[in-house]
Protein chains: 2
Amino acid sequence: MHIRKLGEFGLIERFRRRIRTDSTVIKGSGDDCAVIKFDKNNYLLFTCDMLVEGVDFLSRENPYLIGRKSIAVSVSDIAACAGVPRYCVVSLGVPGNKSVKFTDTLFKGMLDLARKYKINIVGGDLSRAEKLTIDVSMLGVVRKERLVLRKGAKAGDIIFVTGALGGSIRGKHLQFTPRLKEARFLTENFKVHAMIDISDGLVQDLSHILKQAGLGAVLYEESIPQDKQARNLKEALYMGEDFELLFTLSRPDARKLCLKDRRNFKAIGETRPPGYGLKSVGKDGRERNIAAGGFRHF
Amino acid sequence: MHIRKLGEFGLIERFRRRIRTDSTVIKGSGDDCAVIKFDKNNYLLFTCDMLVEGVDFLSRENPYLIGRKSIAVSVSDIAACAGVPRYCVVSLGVPGNKSVKFTDTLFKGMLDLARKYKINIVGGDLSRAEKLTIDVSMLGVVRKERLVLRKGAKAGDIIFVTGALGGSIRGKHLQFTPRLKEARFLTENFKVHAMIDISDGLVQDLSHILKQAGLGAVLYEESIPQDKQARNLKEALYMGEDFELLFTLSRPDARKLCLKDRRNFKAIGETRPPGYGLKSVGKDGRERNIAAGGFRHF
């Protein structure tokens, strides 16, 4: 059987089932970051993201932005767990015919983003490869009481996103701002039940949150913020690479958040009991089933 | 200018010069692992290694052994700093036409080696790629007083290796045993001045130790242990992928080590003052210059 038949998530699940971890691992594979015991007040967060030419970026794209993105996607994972990024290592597979100007510019994109968030680039590995391949592994810390995972959503929660969705592939995926500040604001002021960053599309990433909690949900079509580069609602639902935060709050917390900041956080739906599935409601007030979907590698 | 002209180490040096790290980073890029402040008694070690099909292994090779190697190379880096490996994340770029049997076997190779050394696989990233690409990032811990780096060799030190060198590409590179046990024994009983694992070849990796200390060295040709798969001394000097430990001890410590264990540790030479360069002495007693060389990606 080809792995294409099993699909990306089938393959990941197949790996995950076979892994055993010891008691120092609070949360292993299956969230935005791994969570490891660290000290009295903090957990360590550990995450990795591989970018491959032709899949995550095109060879004609600006190397500065490719370098920037390679660090930013891991920062976004740390943000989704409400942590602070601290250290990273960079593995670089480079075709031998690239110019020094290209690798200089690529590296400047990495350095500038790392510097902006006070992340230490502490090491790396350089290899020859046919296609430019960048893998960044990042360590962060999070205060124990601040940690937010994908699990933890409750029935009746309000579902929120930061920023706007869709059309990211037309530019934003190379220039997005990881939502560290927003995650900090949220966990300082509210009890965030569940959170994830949207990398594979709103519907697919929301389904991770719902699956973990065994819940359904309804989305309000009119409330889903569409990026100016999105062509339609479908792109906002499925396109992915938004790197916005998707999270749920209790109703009282949701009300407070709406009063505090309606601009950066949009309520887009509510969780529902398990049997409900995933639906959307439009202007006409009718419920429609939302088909599963989003970016998949296989 | 193409990066090929700058060369692997030229390119790495070009990146390294531009990196700034904060005071929590004891040792950034440029050693087998990064060393980061952790707690009162221990440092955190952080390392990554990327394996690319066609460079670090061939597509026809046993996927179990490819998976095994992908974890083992990082364990070897942790061993070179005298640490204990604890956690890793795995980024996997896989061609869509691979079979589930292939990825199952690959993953079993990873799991078995991780389990052997009690390493927690805590996360990963899965991506489509044209060539199988595996990047493992590993965290380890080391007691502060045990930490050994590439720097620290002193004039008159005796140079040692574990195991035997050369011919690794004919099989050992896929089945080597990372020298964790040996590193522990050494740092429990001796003051190891400098240590590195041999990945790019004895001459090239020794030159890293010598460069850091500003020293020369002489190697005794007859004393360099050749693996049974090595065809000649040249392969033992230059071939690489041995994943043996190369380290230096003071003369009194060297004498003690030879009395304790002559089987697992071989004295192969001595450091010399800076102007001496790198030479070898054969049966005839004559000194020969050793040409620089070893595995380079560009």
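Let's start at a small, easily found landmark: strands β12(A) and β13(A) form a hairpin with five residues between them, and in its turn Gly285(A) has a positive phi of about 80°. Keep in mind as you look around that this is a predicted model. The two hairpin strands pair in the antiparallel sense over three bridges, with β13 covering residues 287-289 of chain A. To find the register, look at Val281(A), whose bridge partner in β13(A) is Glu287(A). Strand β12(A), residues 278-281, also pairs with β9(A), residues 216-220, this time in the parallel sense over four bridges. There, Ala217(A) stands opposite Leu278(A) of β12(A).

Now step back to the whole chain. Chain A is divided into domain 1 (3-145) and domain 2 (148-289). Taken over C-alpha atoms, the centres of these two domains of chain A are separated by 23 Å. Where they meet, 17 residues of domain 1 of chain A are in contact with 17 residues of domain 2 of chain A. On the domain 1 side, α3(A) gives the largest share, nine residues. That side divides into 10 nonpolar, one polar and six charged residues.

Helix α3(A) is a handy guide to the next stop, an open sheet in chain A. Its six strands have the order β1-β2-β3-β6-β4-β5, with mixed pairing. The edge strands are β1 (25-27) and β5 (120-128) of chain A, each of which pairs on one side only. On average, neighbouring strands of the sheet are turned by 20° against each other, direction ignored. Helix α3(A), residues 63-80, packs on this sheet and touches β3, β4 and β6 of chain A. The direction of α3(A) makes about 145° with that of β3(A). At the β5 edge, eight bridges join β4(A) to β5(A), and the two run parallel. One pair to look for is Val90(A), which stands opposite Gly124(A) in β5(A).

Two residues deserve a look for their backbone angles. Most residues other than glycine have a negative phi. Ala82(A), in the loop between α3 and β4 of chain A, has a positive phi near 65°. Is Ala82(A) buried or exposed? Ala82(A) has 28 other C-beta atoms within 10 Å, so it counts as buried, given that 20 or more are needed. Over in chain B, Lys118(B) also has a positive phi, near 55°, and lies in the loop between α4 and β5 of that chain. Lys118(B) has 10 C-beta neighbours inside 10 Å and therefore counts as exposed.

That brings us to the pair of chains. How many residues does the contact take from each chain? It takes 57 residues from chain B and 57 residues from chain A. On the side of chain B that touches chain A, the elements giving two or more residues include α1, α2, α4 and β6 of chain B. The largest share, nine residues, comes from β5(B). The residues on this side of chain B divide into 27 nonpolar, 18 polar and 12 charged.

Finally, consider how the copies are arranged. A rotation of 180° with 0.0 Å of shift along its axis superposes chain B on chain A, with an RMSD of 0.0 Å. The two copies are thus related as by a two-fold rotation axis. Because 100% of the interface residues of chain B are also interface residues in chain A, the copies meet through the same surface.

Note on methods:
Residues are numbered from 1 along each chain as its sequence is written. Chains are lettered from A and ligands numbered from 1 in the order in which they are written. This is a predicted model: local features need pLDDT of at least 70, side-chain atom pairs count only at pLDDT 80 or more; totals for chains, interfaces and linings use all residues. Two residues are in contact if their C-beta atoms, placed from the backbone, lie within 7 Å. Ala, Val, Leu, Ile, Met, Phe, Trp, Tyr, Cys and Pro count as nonpolar, Asp, Glu, Lys and Arg as charged, and the others, Gly among them, as polar. Two strands pair if DSSP finds at least two bridges between them. Axes are lines fitted to C-alpha atoms, for helices over the stretch in contact, and angles run from 0 to 180 degrees between N-to-C directions. Copies are superposed by least squares on the C-alpha atoms of residues with pLDDT of at least 70 in both. Domain bounds come from an automatic or database domain assignment. A residue is buried if 20 or more other C-beta atoms lie within 10 Å of its own, exposed if 12 or fewer, and partly exposed in between; C-beta atoms are placed from the backbone.
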